[in-house]
Amino acid sequence: SMVTCVAPSRGSGTVSVAVSNNGGVDAYLGQPMYQYSSAGSGWSLSPSKGPRSGGTEVTIKGSSDLMRQGQELVCVFGTAQRQGLVNEDGDLVCSSPATSAVGGVSVTVLATGGREVMGLVSLEFEYHATTRVTGVYPSAGSPTGGGVVSVRGEGFEADGLQCRFGKETVSGQGVKMLSSSLVACVAPGQTSDDRIVAVEVSINDGSDFTSDGREYVFEPSATV
């Protein structure tokens, strides 16, 4: 009254389950269904979000005979297609296309002739509204760093939040979202001869930063 079976590999979706006693010539279908989930597919993409303007470098990881170094594949974001290339790590890298809408789109991969590289698996990429930096206060601080800087702007999100002072990135406990228009960042120490640096913000773990150029100045504290 019971049979144990090992489910074969395939993409996400629902399939019927049949049992046969004669090598598959006759099978009892009945009504049982089995659900394959994409969560266990082994496919992933990073980052999972980027600006509507496009240009985010997206890395897709997964297992396929076509994921070989130098292989050209097509990344499909919703209905928009972008050429991608498999790197030396066996990961597919492509640039997100621009869009006019905010929200999530499905991401799939195609090979020559339209073959689905990921089977029935689809991933999701989220387009977010424009992120901007409009002001920095205070706009100057000690070269040793450690001061809290308030960064004002719009479109800030807690997930994937980072600040950047010139080339120095601040993340983790060094950055805190106070609202969608205000972020608190701990200023790093000065690491180059550049006393004046631009302060920018990312909401996808540093894959894309704003480019508004609001300045912060490293200047020694006054002494008596």
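This is a short talk on one protein chain, its strands, its cores and its salt bridges.

Okay, hi everyone. Before anything else, keep in mind that this is a predicted model.

Let's start with the overall picture. The protein chain has 224 residues, and 35% of them count as buried. How many helices and strands are there in the protein chain? There are zero helices and 19 strands, so you'll hear a lot of beta numbers from me. As for the surface, the accessible area of the protein chain comes to about 13,000 Å², and carbon and sulfur atoms account for 48% of that. One more general number: take the contacts between residues at least 6 apart in sequence, and 54% of those join residues at least 24 apart.

Now, the inside. Nonpolar side chains tend to be buried together in soluble globular proteins. Here, the largest nonpolar core holds 21 residues. Which of them touch the most other members? Those are Trp43, Ile60, Leu73, Phe77, Leu92 and Leu123. Strands β5, β6, β8, β9 and β10 each supply at least two residues of this core. There's also a second, separate core of 19 residues, and Val133, Val136, Val149 and Leu161 are among them.

I'd like to stay with Ile60 for a second. Leaving out residues up to four places away in sequence, Ile60 touches a whole list of residues, including Trp43, Leu45, Met67, Cys75, Leu92, Val107 and Leu123. Asp91 is on that list too, and that's our next stop.

Asp91 sits in the loop between β7 and β8. Is Asp91 buried or exposed? With a relative accessible area of 9%, Asp91 is buried, because the cut-off for buried is under 20%. Once we set aside the neighbours within four places in sequence, Asp91 is in contact with Thr59, Ile60, Lys61, Met67, Leu85 and Val86. Lys61 is the one to look at here: Asp91 and Lys61 form a salt bridge, with their closest N and O atoms 2.7 Å apart. The two residues come from distant parts of the chain, 30 residues apart, with Lys61 in strand β5 (residues 57-61) and Asp91 in that loop before β8 (92-95). Lys61 itself counts as partly exposed, at 41% relative accessibility. So in this pair a buried Asp91 meets a partly exposed Lys61.

On to salt bridges more broadly. Side chains of opposite charge can pair when their charged atoms come close. A search of the whole structure turns up five salt bridges. In one of them, the side chains of Asp159 and Lys49 meet, at 4.0 Å from N to O. These two are 110 residues apart: Asp159 is in the loop between β13 (148-154) and β14 (162-165), while Lys49 is in strand β4 (residues 49-51). Asp159 is exposed, at a relative accessible area of 56%, whereas Lys49 counts as buried at 6%. And that pair belongs to a network of salt bridges that links Lys49, Glu157 and Asp159.

Another salt bridge joins the side chains of Asp65 and Arg115, at 3.3 Å from N to O. Both residues are in loops, Asp65 between β5 and β6 (72-77), and Arg115 between β9 (103-110) and β10 (123-128), which puts them 50 residues apart. Asp65 is partly exposed at 47%, and Arg115 is partly exposed too, at 43%.

Last topic: a sheet. Strands of a sheet pair through backbone hydrogen bonds, either parallel or antiparallel. This one is an open sheet of five strands, in the order β12-β19-β18-β14-β15, with mixed pairing. Which strands stand at the edges? They're β12 (140-141) and β15 (168-170), and each has a single partner strand, so one side of each is left without a neighbour in the sheet.

Let's walk through some of the pairs. Strand β18 (residues 196-202) and strand β19 (residues 214-218) run antiparallel and are joined by four bridges; within that pair, Ile196 has Val217 as its bridge partner. Then β14 and β18 pair, again in the antiparallel sense, over four bridges, with Cys163 opposite Val201 in β18. Finally, three bridges join β14 to β15, which run antiparallel, and Phe165 is partnered with Glu168 in β15. The hairpin of β14 and β15 has two residues between the strands, and Gly166 there takes a positive phi near 65 degrees.

That's my tour, thanks for listening!

Technical notes: Residues are numbered from 1 along each chain as its sequence is written. This is a predicted model: local features need pLDDT of at least 70, side-chain atom pairs count only at pLDDT 80 or more; totals for chains, interfaces and linings use all residues. Side-chain values use heavy atoms; hydrogens and water are left out. Buried means under 20% relative accessible area, exposed over 50%, partly exposed in between (1.4 Å probe, protein chains only). Contact means heavy atoms within 4.5 Å. Accessible areas come from the Shrake-Rupley method with a 1.4 Å probe; for residues, only the protein chains shown count as cover. A nonpolar core is a set of buried Ala, Val, Leu, Ile, Met, Phe, Trp, Tyr and Cys residues joined through side-chain atoms within 4.5 Å. Two strands pair if DSSP finds at least two bridges between them.
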